[in-house]
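Thanks for taking a look at this one with me. Here are a few points that may help as you find your way around.

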Amino acid sequence: MEKLIVHGESCKSCKYCINACPKEALSVTTHINDKGYATVAVDQKKCVCCGICYNVCPDYVFEIQKGEV
């Protein structure tokens, strides 16, 4: 089973991932990271780990973990 991990400390709230997600599994949170940007959260129930967010993110915010998580 795969799971999407969000590294919010790298997020710059560009929302490329949100706009690209076909399952609408990503959203902006109210959490502000150390750089002053609102971070992105994933709804694991909606996410299918297609990797589109991983590919469009310029800041390496996402990681797809495979196997037991």
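**Notes on the cavities and on K46**

1. Let's start inside: the largest cavity holds about 110 Å³ of space. Please keep in mind that this is a predicted model. Fifteen residues, or 15 in figures, line that cavity, and those closest to its centre are C21, C47, C49, C50 and C53.

2. What kinds of residue make up the lining of the largest cavity? The lining divides into 13 nonpolar residues, 1 polar and 1 charged. The cysteines named above count as nonpolar under the scheme used here.

3. In total there are 2 cavities of 30 Å³ or more. The second largest cavity has a volume of about 60 Å³. It is lined by 13 residues, of which C11, C14, C17, C57 and V61 lie closest to the centre. In the lining of this second largest cavity, 9 residues are nonpolar, 1 is polar and 3 are charged.

4. Now to a single residue, K46. You will find K46 in the loop that runs between β3 (38-42) and α2 (52-56). Is K46 buried or exposed? K46 falls in between: its relative accessibility is 42%, so it counts as partly exposed, given that exposed means over 50% and buried under 20%.

5. Which residues does K46 touch, once its neighbours within four places in sequence are set aside? The contacts of K46 are then K23, E24 and A25. Of these, K23 is 23 residues away from K46 along the chain, yet the C-alpha atoms of the two are separated by 6.2 Å.

Notes:
Residues are numbered from 1 along each chain as its sequence is written. This is a predicted model: local features need pLDDT of at least 70, side-chain atom pairs count only at pLDDT 80 or more; totals for chains, interfaces and linings use all residues. Side-chain values use heavy atoms; hydrogens and water are left out. Helices (H or I, at least four residues) and strands (E, at least two) are DSSP runs, numbered from the N terminus. Buried means under 20% relative accessible area, exposed over 50%, partly exposed in between (1.4 Å probe, protein chains only). Contact means heavy atoms within 4.5 Å. On a 1 Å grid over the protein atoms alone, a cavity is a set of points where a 1.4 Å probe fits but cannot get out, and a pocket is an open set with protein on both sides within 12 Å along at least five of seven lines; lining residues have an atom within 4 Å of a point. Grid points are joined across faces, edges and corners, and a volume is the space filled by probe spheres set on the points.
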